[in-house]
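Please prepare a briefing on how the ligands are held in the structure shown here, with cut-offs given for the terms used.

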Amino acid sequence: MVKVWDGFIRAFHWSQLLLLAGCWWTAEEGEMVWHQWLAMTLLALWGARLYWGLFGSESARFASFLKKPGEVWAFAKALVKGQSSPKAGHNPLGGWMVALMLLCIGLQMATGLFASDEIFTEGPLYSWVSSDTADLLTRLHHLNFNLLLGLIALHLLALVVHSLKGERLVPAMVTGRNKTLAQGPALKASWPAWLVFALLWGLLYWGWGSGL
Ligand code: HEM
Ligand code: HEM
């Protein structure tokens, strides 16, 4: 049994799920101070994931899973013919899907920073832009959330397809281990990613959270 995901990737994935659900719930309930606490924590986690995408384990690094169009096309053709084989990390299609999800979550947070409900709550950078721009970014914050829901639905659909093919990807994202692979990627100890997370959280707390 080989290990495919390090501790940071797994903790990142499931905490991201909880934080996104929390951001949605607090926004629905109008608990906007909590919305910002959760969003701030998600931003620090997301920043640490970008760092890990550059310097982390092989299966976490963007350079190892963002493949050239030719390879993605070849993989997609093999997938349709039922000839694709399991990968020790993201497959060439899944890799771009991961990038798209991370970007979409990034855009959600970037627009949130300038958003306002025009009653009590303003994102921490609201005053940096004109009120027209803030309006536009607030509308984008709402629109992009629907895009994010669409990507999440696609993500879950892809996982159902994989499980119908007998690939047990979800247990692998929980335990880190994959039974079907012969050789795993090179994994690193997670502490540098957690250090980056803690530094970013501290920085965001200093500039934003302490004023909430
Ligand atoms: C808010 C909802 C979700 C979001 C935004 C999300 C996002 C992501 C992202 C960004 C990755 C890439 C991980 C990385 O390399 O850092 C990923 C991978 C993965 N996610 Fe999710 N996820 C969500 C929900 C779920 C749920 C509910 C499940 C399972 C029931 C799941 C199972 C997986 C699995 C198995 C992988 C690894 C895929 C592979 O082997 O390539 N995700 N997800
Ligand atoms: C840096 C991160 C974020 C900041 C500063 C932020 C800030 C805000 C602000 C100020 C509003 C009020 C705008 C309005 O009601 O029209 C808002 C609404 C909202 N936010 Fe965020 N947000 C962030 C991240 C997120 C994330 C990650 C999600 C994803 C779940 C999210 C989902 C929503 C939703 C769905 C609303 C609309 C609530 C409603 O009007 O029903 N936000 N956010």
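Helices (H or I, at least four residues) and strands (E, at least two) are DSSP runs, numbered from the N terminus. The model is predicted, so that local features need pLDDT of at least 70 and side-chain atom pairs count only at pLDDT 80 or more, while totals for chains, interfaces and linings use all residues. Residues are numbered from 1 along each chain as its sequence is written, and side-chain values use heavy atoms, with hydrogens and water left out.

**Ligand 1**
- Ligand 1 is surrounded by 21 residues (each with a heavy atom within 4 Å of it), and the closest are H13, R49, H90, H155 and L159.
- α1 contributes the most to this shell, with seven residues.
- By class, the shell around ligand 1 has 16 nonpolar, four polar and one charged residues, where Ala, Val, Leu, Ile, Met, Phe, Trp, Tyr, Cys and Pro count as nonpolar, Asp, Glu, Lys and Arg as charged, and the others, Gly among them, as polar.
- Oxygen atoms of ligand 1 lie 2.5 Å from a side-chain N or O atom of R49 and 2.7 Å from a polar side-chain atom of H90, whereas a nitrogen atom of ligand 1 is 2.8 Å from a side-chain N or O atom of H155.

**Ligand 2**
- Around ligand 2 there are 23 residues, of which the closest are H35, A39, G112, H141 and H142.
- Nitrogen atoms of ligand 2 lie 2.9 Å from a side-chain N or O atom of H35 and 2.8 Å from a polar side-chain atom of H141, while an oxygen atom of ligand 2 is 2.9 Å from a side-chain N or O atom of H142.
- The shell around ligand 2 has 13 nonpolar, nine polar and one charged residues.

How values were computed
Chains lettered and ligands numbered in written order. Polar contact = N/O pair within 3.5 Å; in protein donor to acceptor, adjacent residues only side chain to side chain.
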